[in-house]
Amino acid sequence: MTQQLWDQLIEFSERCRACDLNKSRTHVVFGNGDPRSRIWLVGEAPGSNEDEQGLPFVGQAGNLLDKLLERNGFKRTSVFVTNVVKCRPPNNAEPTDDQKMACLPLLAAQLAVWKPKYILALGRHAASVLLARPFKSLKEIRGQVFEYGDTRVVVTYHPAAVLRNPRLEDIVEHDIQMISRLMAGEK
Ligand code: SF4
């Protein structure tokens, strides 16, 4: 039944026209990896490589994410990776509040199907959607544990921000390790 719901959601997303991004997309980037995983990673929105391939986090930021995950005991194929906005904003624009709100029911439905225990929110757009609280900067909220329903949420920097500022790499690793410790404590 769960798999059936998931497949219906994929089909639904491919026809989605709930915001203006449907006009310019090549593919809806639904997410990839193992949705049964206890941990999901949620980023911002697809870029041009992701839009072309229909997959999240490919290209440089994706390679960096894979490296950070592997170095901390996670395989990309054993976690589920998606974005708050499933279609690419043209010209590498940041997603607008309207686009994020239009796409939120899809993310909420994805989460409702598999109910992951943990989410690593990558960047402020993911944080703004998943955290029911205002914040001024990512610095203020990273390294803490929040809740989205029954799911525990840790916020960290987006890999694209790490590419721009490599000093953030240690911080992202620290936050991934924090989720590892939470998962280990649960066993
Ligand atoms: S970004 Fe989300 S809401 Fe907008 S068209 Fe794509 S799937 Fe639908």
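Start by selecting K115, in the loop between α4 and β4 (118-122). The model is predicted. At this position phi is near 50°, a positive value in a residue that is not glycine. Most residues other than glycine have a negative phi. Is K115 buried or exposed? With a relative accessibility of 60%, K115 counts as exposed.

Next, select F57. Its phi is also positive, near 50°, and again the residue is not glycine. F57 belongs to the loop between α2 (48-53) and α3 (59-71). The surroundings are another matter: F57 is buried, because its relative accessible area is 6% and the cut-off for buried is under 20%.

**The sheet**

Now show the strands. In what order do the six strands run across the sheet? The order is β1-β3-β2-β4-β6-β5, in an open sheet with mixed pairing. Go to the edges, where β1 and β5 stand. Each has a single partner strand, so one side of each has no neighbour in the sheet.

Bring up helix α8 (residues 169-186), which packs on this sheet. The helix touches β2 (39-43), β4, β5 and β6. Look along β6: the direction of α8 makes about 165° with that of the strand.

Zoom in on the β5 edge. Strand β5 covers residues 145-148 and strand β6 residues 151-156. They pair in the antiparallel sense, over four bridges. Select V145 and find its bridge partner in β6, V154. Then select E147, whose bridge partner in β6 is R152.

Follow the chain round the turn. β5 and β6 form a hairpin, with two residues between them. One residue to click on in the turn is G149, with a positive phi of about 60°.

**N72 and its partners in the 170s**

Select N72, in the loop between α3 and β3 (80-83). N72 is buried, at 13% relative accessible area. Which side chains make polar contacts with the side chain of N72? One is E173, at 2.9 Å. Another is Q177, joined to N72 by a polar contact of 2.8 Å between the side chains.

Widen the selection to everything that touches N72, leaving out neighbours within four places in sequence. The contacts are E173, I176, Q177 and S180. To place these partners, show helix α8 again, residues 169-186.

**The aromatic rings**

Display the aromatic side chains. The structure holds five aromatic pairs. Ring pairs link W6, F30, W40, F80 and W114 into a cluster. A pair of rings is described by the distance of the centres and the angle of the planes.

Begin with W6 and F30. Their ring centres are 4.9 Å apart and their planes stand at 70°, so the pair is edge-to-face. W6 lies in helix α1, whereas F30 is in the loop between α1 and β1 (32-33), so the pair ties together parts 24 residues apart in sequence. Both W6 and F30 are buried.

Keep W6 selected and add W114. Here the ring centres are 6.0 Å apart, and the planes are at 70°, so this pair is edge-to-face too. How far apart in sequence are W6 and W114? The answer is 108 residues: W6 is in helix α1, W114 in helix α4 (residues 97-114), and the pair links distant parts of the chain. W6 is buried at 5% relative accessible area. W114 is buried as well, at 17%.

**S13 in helix α1**

Stay on helix α1, residues 2-14, and select S13. S13 counts as buried, with 1% relative accessibility. What lies 2.8 Å from a polar atom of its side chain? That is the backbone oxygen of I10.

Now show what surrounds S13. Not counting residues up to four places away in sequence, S13 touches R25, V28, F30 and L106. F30 should look familiar: its ring pairs with that of W6.

**Last stop: the cysteines**

Select C87 and C103. Are they buried or exposed? C87 is buried, with a relative accessible area of 8%. C103 is buried too, with 10%. How many disulfides does a search of the whole structure find? The search finds zero.

Terms used: Residues numbered from 1 in each chain as written. Predicted model: local features only at pLDDT ≥ 70, side-chain atom pairs only at ≥ 80, totals over all residues. Heavy atoms only, no water. Disulfide = S-S within 2.5 Å. Buried < 20%, exposed > 50% of the residue type's maximum accessible area, 1.4 Å probe, protein only. Polar contact = N/O pair within 3.5 Å; in protein donor to acceptor, adjacent residues only side chain to side chain. Contact = heavy atoms within 4.5 Å. Pairing = 2+ DSSP bridges. Phe/Tyr/Trp six-rings, centres within 6.5 Å; stacked < 30°, edge-to-face > 60°. Axes fitted to C-alpha atoms, helices over the stretch in contact; angles between N-to-C directions.
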